[in-house]
Amino acid sequence: MSRMEVAQFRCRSDNFGLLLHDPASGLTAAIDTPDGEVIWRELQSRNWQLSHIFNTHHHYDHVPGNEMLKERTGCTIVGAKIDAHRIPGIDLQLTDGEQYLFGNQAITMIETPGHTMGSVCYFVQEDRFLFTGDTLFSMGCGRLMEGSAQTMWHSLQKIMALPEDTKIYCGHEYTLTNAEFALEIEPGNKALQARANKVRELRRARQDTLPVSLSSEKATNPFLRPDSAEIQKYFNLQGASKTEIFAAIRTHKNQF
Ligand code: ZN
Ligand code: FE
């Protein structure tokens, strides 16, 4: 099996630009296009030819470089079928569970509505990279701009069912403030304390806190932890349904 490379760099203020490169086939995909010019420069500096764009959702900070990059490179734009009307330049529409052969690895689209109704994640099967866009952040999750808490919780459970060693790449560097929120509602979580310390160190050194493993997220991300007795107690929701607890965490985060 051939290993793929991921290049991660900053775009706009806190968006991540992400390039997935397959050395065997020479294919290169951009995951979203937060800044076309920055992505273009990254491609040039690595001598990579853009062949694809995989969009996670339609928001203004995820698609603005689509048309410019397509014009310059003739790349194929892949996105969610239900969002075809709002993904600029979309060529290929996929639905939940559909696989796309990228080089010799399958990339599976996973529909994860909640942040928007058309939000999707892309799972690179063999390398176990997961591109989550604004659905899952490290120690956080996207705001419910279109979906309900129930819809989002269902989507997060799909992510939680992936292999533990899945490496998560997301759309924004929000980890430090997410860690502060997580510590407020679950201060006794040892894994969370350790990750928060590590994140502070990384950010002080101006380094990225992503990618992160799914197992680390399950141990530290409050949005994946409605089972936590400490979180349930914080909200006075002992024994409530996971959806209710998730909704309480999400509402509280909006005011944090
Ligand atoms: Zn968004
Ligand atoms: Fe975003």
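In this predicted model, His 57 and Asp 134 are both buried. Both residues serve as donors to the zinc ion (ligand 1). His 59 and His 115 complete the set of four donor residues. The contributing atoms are NE2 of His 57, ND1 of His 59, NE2 of His 115 and OD of Asp 134, at 2.2 to 2.3 Å. Angles among the four donor atoms run from 85 to 172 degrees, and the site is irregular. The spacing of the donor residues in sequence is H-x1-H-x55-H-x18-D.

Asp 134 also reaches a second metal. This residue bridges the zinc ion (ligand 1) and the iron ion (ligand 2), which are 3.3 Å apart. His 57 sits in the loop between strand S4 (52–54) and helix H2 (66–73), and Asp 134 in the loop between strands S10 (129–131) and S11 (136–137); the pair therefore ties together parts 77 residues apart in sequence.

The largest nonpolar core contains 51 residues. Leu 20, Phe 54, Phe 131 and Leu 156 have the most contacts inside it. Helix H3 (residues 149–160) is the main contributor, giving six residues. Domain 1 (5–169) and domain 2 (176–207 + 222–254) each supply at least three residues to this core. Leaving aside residues up to four places away in sequence, Leu 156 touches Thr 135, Leu 136, Cys 141, Phe 223, Leu 224 and Phe 246. A separate second core has 16 residues, among them Phe 9, Leu 19, Val 38 and Leu 69.

Helix H4 (residues 175–185) has buried residues that include Phe 181, Leu 183 and Ile 185. The buried residues of H4 pack against S11, strand S12 (140–141) and helices H5 (190–204), H6 (214–220), H7 (229–234) and H8 (242–254).

Methods: Residues numbered from 1 in each chain as written. Chains lettered and ligands numbered in written order. Predicted model: local features only at pLDDT ≥ 70, side-chain atom pairs only at ≥ 80, totals over all residues. Heavy atoms only, no water. Donors = N, O, S within 2.8 Å, 3.2 Å for Na, K, Ca; no water. Tetrahedral: all angles 85-135°; square planar, octahedral: opposite > 155°, others 65-115°. Helix = DSSP H or I, 4+ residues; strand = E, 2+ residues; numbered from the N terminus. Buried < 20%, exposed > 50% of the residue type's maximum accessible area, 1.4 Å probe, protein only. Contact = heavy atoms within 4.5 Å. Core = buried A, V, L, I, M, F, W, Y, C linked by side-chain atoms within 4.5 Å. Domains from an automatic or database assignment.
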